[in-house]
Amino acid sequence: MNTFNKKSLCAAIAAVGALGVAGTANAVYVNPDGLGQVLIYPYFTVRTTVGGAAFNSLLSVVNTTASAKAVKVRFIEGRNSAEVLDFNLFLSAKDVWTAAVVPTTDGAGVFTADKSCTNPKVSSDPTNPTPFVNFAYAGDGAGDTLDRSREGYVEIIEMGALIDGSATQKGVTHVAGTPTCAAIDDASATAATSNPSAGLFGGMTVINVLAGEEFTQDATALNAFRTIGHYDLPGDIKPNLLDADPSLGAVIFDGKTGTVVTGTFATGIDTVSAVLMHDHLYNEFVLDSITKSGTDWVVTMPTKRYYYDDSGDVQNLFQRNFTADGACDDVTLGLFDREEFRSAPGFSPPPVTKKNSVCWEANVITFNGTNVLDSKNSLNINTTFANGWLDLGIPVTSSSDFGGPAHILTDTGGLSFHGLPTIGFAAITFTNGTLTDPMGTKVQSNYGGAFKHRASETTTLE
């Protein structure tokens, strides 16, 4: 096995920079500038903390182009990546759409005060949001209640630009701030949809007003996802990440070797997975007693569901079949404090595999049980370190339920990408309680911040 190395570091950096200009004609890639055809938001939640304060998740998507667009918006629960709601959204040129995921009596729902057109129409009433549903996950063994829909992640996929001058394009374009939303019936929208023009960006704010906490996250942007537009009807599960054009290939920058590498895969989902592959995730944790700090890590695997058949049996890449306890992938944990001391922690309680494993699609790793996000998909790390950082490794393993090596994806030319497709961030809180400002006014002084995971990639040529 030889480490793949075909370009110098300088040439690699130049090539990555050039992707912003040439990438749409070359290969699928994660755009470091945040613009793309596909946006993946790592995490939403409406969980309630121990004190009774609930999170809301506020989503935005921006169309930076001069073309109106049709996009699919999909909300996905975090255990088995089952869809809980989707709809078509129409963005006029230079448009912004915003929405909020809020708790309901038994689950979650979404509402929007935005005037951009949706089909079906999304509720504009925060007291009666469009509810999430459990149809796609009921019976999978991991829980049937709507409570499971309270946390997960979001995909937005461009179906195509709308032909300028078409009835649909005119109907979704804001005039004096308001579109008519006319001519967005299935036939008209299908005829009006042309090839994608990319240029989308977005973010999510997970906010708990009563707790004084806010965590912001940028959507991961995939560009050059496909070159041919197609309007998929409301209620259709398409488009999804399976629809990447595999003929375009997958481009990543391997930071370990300083190379830009291109893989060519037989399927679109392998292409998307390759550009999201990481074999190590790095981030900090803060557990300082003076500020009563807490830390949770979100680790989301947005392509995982596509590697399982209808019975929950894993086909490749991931390690184990799906059960009521999830589909567990073994990881390594290297914990360091700020003075270079190291420990090898374990999850508590351990997963059913009795190893350090992450088992869901959107996982939350909490430190010393601080449970910042109050996730029901969480694992805990106990540590005596007050502060430091974690190296979460995803090693290639020969132990898998499908009989082959897991955590490795090999393209048609023998180029292998190591690890698993992951995105996410660390949510860190600081709690100072109630303080008095210089004017004598009592103020709440709780804070929260989100920090995107750093990561490494390994590619080898067999």
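**Exercise 1. Determine the strand order of the open six-stranded sheet and identify its edge strands.**

Solution. The open sheet of six strands is ordered E10-E8-E7-E4-E12-E13, and its pairing is antiparallel. Its edge strands are E10 (130-131) and E13 (213-218), each of which pairs on one side only. Strands, like helices, are DSSP runs numbered from the N terminus (strands E, at least two residues; helices H or I, at least four). Two strands pair if DSSP finds at least two bridges between them. The model is a predicted one, in which local features need pLDDT of at least 70 and side-chain atom pairs count only at pLDDT 80 or more, while totals for chains, interfaces and linings use all residues. Residues are numbered from 1 along each chain as its sequence is written, and side-chain values use heavy atoms, with hydrogens and water left out.

**Exercise 2. Trace the pairing of strand E8 with strands E7 and E10, and state whether its faces are covered or open.**

Solution. Step 1: strand E7 (residues 96-103) pairs with E8 in the antiparallel sense over four bridges. Pro-103 has Ala-108 of E8 as its bridge partner. The two strands E7 and E8 form a hairpin, with four residues between them.

Step 2: E8 and E10 run antiparallel and are joined by two bridges. Here Gly-109 has Pro-131 of E10 as its bridge partner.

Step 3: in a regular strand, side chains alternate between the two faces of the sheet. Strand E8 (residues 108-111) is covered on both faces: Ala-108 and Val-110 are buried on one side, and Gly-109 and Phe-111 on the other. Buried means under 20% relative accessible area, exposed means over 50%, and partly exposed lies in between (1.4 Å probe, protein chains only).

**Exercise 3. Describe the pairing of strand E12 with E13.**

Solution. Strand E12 (residues 200-208) pairs with E13 in the antiparallel sense over six bridges. Within this pairing, the bridge partner of Val-206 is Phe-215 in E13.

**Exercise 4. Locate Met-301 and Asp-401, and classify each as buried, partly exposed or exposed.**

Solution. Step 1: Met-301 is placed in the loop between strand E19 (294-300) and strand E20 (329-330). Met-301 counts as buried because its relative accessibility is 1%. Met-301 and Gly-78 are separated by 223 residues in sequence, with a C-alpha to C-alpha distance of 9.4 Å.

Step 2: Asp-401 lies in the loop between strand E27 (387-393) and strand E28 (408-410). With a relative accessible area of 44%, Asp-401 is partly exposed.
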